[in-house]
Amino acid sequence: MVSKLLPEIDKVYFINKYTLIHILSGRGNIQVDFENYADWQDKAIYLEKGQYIKFLSDEFIVRKIEFPDETMFRNKDVRVLFKHLISLGYIDFNECSDCQNFLNNSVFAEKTQQIIDISSKQWYWQNPFKASRDEYQIIFDVKEVIDKEFSNHLSNNDLVHLISKNGINAQALVQQKIGLSITKLLGKKRLVESKRKIAFTNKNIQEISYEMGYKDPAYFSRVFKITTGNTPAEFREGFDFENRDIFVQDIINLIQEHHKEQRALEFYAEKMKLSVKTLSKKTRTKMNASLGQLIRNEIISTSKDLLNQGASIKDIAFHLGFEEANHFSQFFKNYTGSTPSNFKIKKYNS
């Protein structure tokens with residue numbers, strides 16, 4: 001099913017079917033499974049059942065494609081789109097002409113198998129972890145084991161037994177290609193599922209700790225606080241997805257209005273009538289990002305918009321309050337991995 005969505009700011013949209021999210025316009029952060037993403041432009045995002053997405057701005061227009069027939073996902077090549085390893089599963093839309101042709105010409109199409117096939121080919125072409133097709137199959141076999149066994153607190157030997165395949169050292173392969181150990185991937189999955197149960201259910205913390213495989217609820221709470229900076233109760237209260245307040249809208253509006261000339265946290269704290277410490281903690285709890293990150297992301301978004309409009313690097317630097325053009329260029333490269341000049345060239349050639 002294909003539909004157009006005008007998402008509400010800070011609302012949790014649960015993913016009940018395998019879904020493609022294509023952001024047609026808008027700016028600001030999105031959040032998927034408690035992680036914020038600023039660099040989503042020109043990407044088609046694939047989400048698995050059970051995930052959620054939030055839009056931390058009210059400017060978005062989104063095309064959503066839901067895939068009703070799960071039999072199409074029995075092909076192991078397709079799972080690379082939906083089973084995310086360390087970030088979002090996505091297709092670089094501007095680099096996939098077949099994706100563009102399909103989505104631009106089939107807004108109301110019901111035959112969505114084609115975009116799955118096109119996207120799978122594009123994903124392998126992007127080759128995000130620089131692996132062979134056979135190596136990817138092993139890596140995603142490991143991911144499926146993690147998704148199934150995350151609450152069982154398996155020992156390293158148990159994991160090795162479950163993931164060993166044809167004599168291949170899957171542990172070394174995952175570490176080499178993903179940059180994380182299997183144990184850390186397992187812990188990452190357990191943390192996300194813990195957050196999900198705390199945020200979206202009314203189960204008490206003791207019950208959740210047992211479901212996550214912890215025998216001692218107090219130990220679960222300590223581990224959770226060490227990892228997130230909040231106790232489970234604080235995290236639940238701060239996320240509070242059913243009773244959204246205007247905090248997110250207010251802080252985003254302030255950043256959008258003042259990011260060109262104001263970087264100081266004290267300025268935003270004064271505007272919000274909070275101490276810097278309180279504002280920083282509330283921002284991180286509700287938006288899973290620091291206030292500084294949100295300001296930087298807004299500066300980057302504005303600079304990309306201006307670059308796309310053909311503005312000179314010198315004019316952009318002045319517009320965004322940088323003393324020198326080279327200061328802006330260094331800032332842009334630090335947070336995007338590309339110089340402003342290379343960004344313009346890539347955009348022009350795409």
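Contact, as I shall use the word this morning, means heavy atoms within 4.5 Å. Please bear in mind that the structure shown is a predicted model.

Let me begin with helix H10, which spans residues 232–239. Its buried residues pack against two strands, E4 (30–32) and E7 (52–55), and against the helices H7 (182–200), H8 (205–211), H9 (217–228) and H13. Which residues of H10 are buried? They are Pro-232, Phe-235, Gly-238 and Phe-239. These four lie on the same side of H10, because the arc they cover around the axis is only 130°. The face turned away from that buried side carries Ala-233 and Glu-237, both of which are exposed. Just after H10 comes Asp-240, with a positive phi of about 35°.

Two of the partners of H10, strands E4 and E7, lead us to a sheet. This sheet is open and consists of four strands in the order E2-E7-E4-E5, with antiparallel pairing. Strand E2 (13–14) and strand E5 (35–37) are the edge strands; each has a single partner strand, so one side of each has no neighbour in the sheet. The pairing of E4 with E5 is antiparallel and runs over three bridges. Within it, Val-32 stands opposite Glu-35 of E5.

I turn next to strand E8, residues 61–67. How many of its seven residues are buried? Five are, and the strand is thus described as mostly covered. E8 pairs with strand E1 (residues 2–5) in the antiparallel sense, over four bridges, and there Val-2 has Ile-65 of E8 as its bridge partner. Strand E3 (residues 18–25) also pairs with E8 in the antiparallel sense, over seven bridges. In that pairing, Tyr-18 is matched with Phe-67 of E8. As a general reminder, strands of a sheet pair through backbone hydrogen bonds, whether parallel or antiparallel.

Finally, I return to H13, one of the helices that the buried residues of H10 pack against. H13 covers residues 276–287, and a loop joins it to helix H14 (291–308); Ser-290 is found in that loop. Is Ser-290 buried or exposed? Its relative accessible area is 18%. Since buried means under 20%, Ser-290 counts as buried. Setting aside residues up to four places away in sequence, Ser-290 touches Thr-283 and Arg-284.

Conventions. Residues are numbered from 1 along each chain as its sequence is written. This is a predicted model: local features need pLDDT of at least 70, side-chain atom pairs count only at pLDDT 80 or more; totals for chains, interfaces and linings use all residues. Side-chain values use heavy atoms; hydrogens and water are left out. Buried means under 20% relative accessible area, exposed over 50%, partly exposed in between (1.4 Å probe, protein chains only). Two strands pair if DSSP finds at least two bridges between them. The arc is that of the directions from the helix axis to the C-beta atoms.
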